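Reader: Could you walk me through the reasoning behind the labels used for this protein? I would like to see how each value is set against its cut-off.

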Amino acid sequence: MEVHITESEGTMTARLVGRLDTPAATEVIREIQPMLDNAGKNLLLDCSEMTYISSSGLRIFLTLRKAAAAAGGHVVVEGLSNEIRQVFMMTGFLQLFEIK
């Protein structure tokens, strides 16, 4: 799993590439720390190159959402594949996040 974080015009974007499975989740949570530190901003999770998400990966999304809510920020998720969109639908995440 690769995480590429960029910032532009007050929005921090994390481009997630590969499988966000349980083994990768430990590293990903460290790599998204800048987003947690700036949770008051608009946060964009670009999932267009993410091929899989486990429950550990979903927990990371929830962690970001909780931090943003506490700091007055906002999380948007974009680029979900049909398979990952199905996971979001089954877990209720489609209602928790703004999906583009």
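Author: Happy to; we will take the charged pairs and then the strands, keeping in mind that this is a predicted model.

Reader: How many salt bridges does the structure hold?

Author: There are four salt bridges, and we can go through some of them.

Reader: Why is the contact between K41 and E7 called a salt bridge?

Author: The closest N and O atoms of K41 and E7 are 2.2 Å apart. The cut-off is within 4 Å for a Lys or Arg nitrogen and an Asp or Glu carboxyl oxygen, so the pair qualifies.

Reader: What makes this a link between distant parts of the chain?

Author: K41 lies in the loop between α2 (33-37) and β3 (42-53), while E7 belongs to strand β1 (residues 2-8). The two are 34 residues apart.

Reader: How do you know whether K41 and E7 are buried or exposed?

Author: K41 has a relative accessible area of 27%, and E7 has 45%. Buried needs under 20% and exposed needs over 50%, so K41 and E7 each count as partly exposed.

Reader: What makes R15 and E49 a salt bridge?

Author: Their side chains meet at 2.7 Å, N to O, which is within 4 Å and therefore meets the cut-off. Here too the pair links distant parts of the chain, with R15 in strand β2 (residues 11-20) and E49 in strand β3. R15, at 30% relative accessible area, is partly exposed, and so is E49, at 36%.

Reader: Where do R30 and E27 sit relative to each other?

Author: Both are in helix α1 (residues 22-31), and because they are three residues apart, about one helical turn separates them. Their closest N and O atoms are 2.6 Å apart, and they form a salt bridge.

Reader: Why is R30 called exposed, but E27 partly exposed?

Author: R30 has a relative accessible area of 52%, over the 50% cut-off, so R30 is exposed. E27, at 35%, falls between 20% and 50% and is therefore partly exposed.

Reader: How do you know that β3 pairs with β4?

Author: Pairing needs at least two bridges, and five join β3 to strand β4 (residues 74-78), so they pair. The two strands run parallel, and L43 stands opposite V75 in β4. With helix α3 (residues 55-71), β3 and β4 make a right-handed β-α-β unit.

Reader: What makes β4 and β5 a pair?

Author: Two bridges join β4 to strand β5 (residues 98-99), so the requirement of at least two is met. These strands also run parallel, with V77 opposite I99 in β5.

Note on methods. Residues are numbered from 1 along each chain as its sequence is written. This is a predicted model: local features need pLDDT of at least 70, side-chain atom pairs count only at pLDDT 80 or more; totals for chains, interfaces and linings use all residues. Side-chain values use heavy atoms; hydrogens and water are left out. Helices (H or I, at least four residues) and strands (E, at least two) are DSSP runs, numbered from the N terminus. Buried means under 20% relative accessible area, exposed over 50%, partly exposed in between (1.4 Å probe, protein chains only). A crossover is right-handed if, with the strands pointing away from the viewer, the path from the first strand over the helix to the second runs clockwise.
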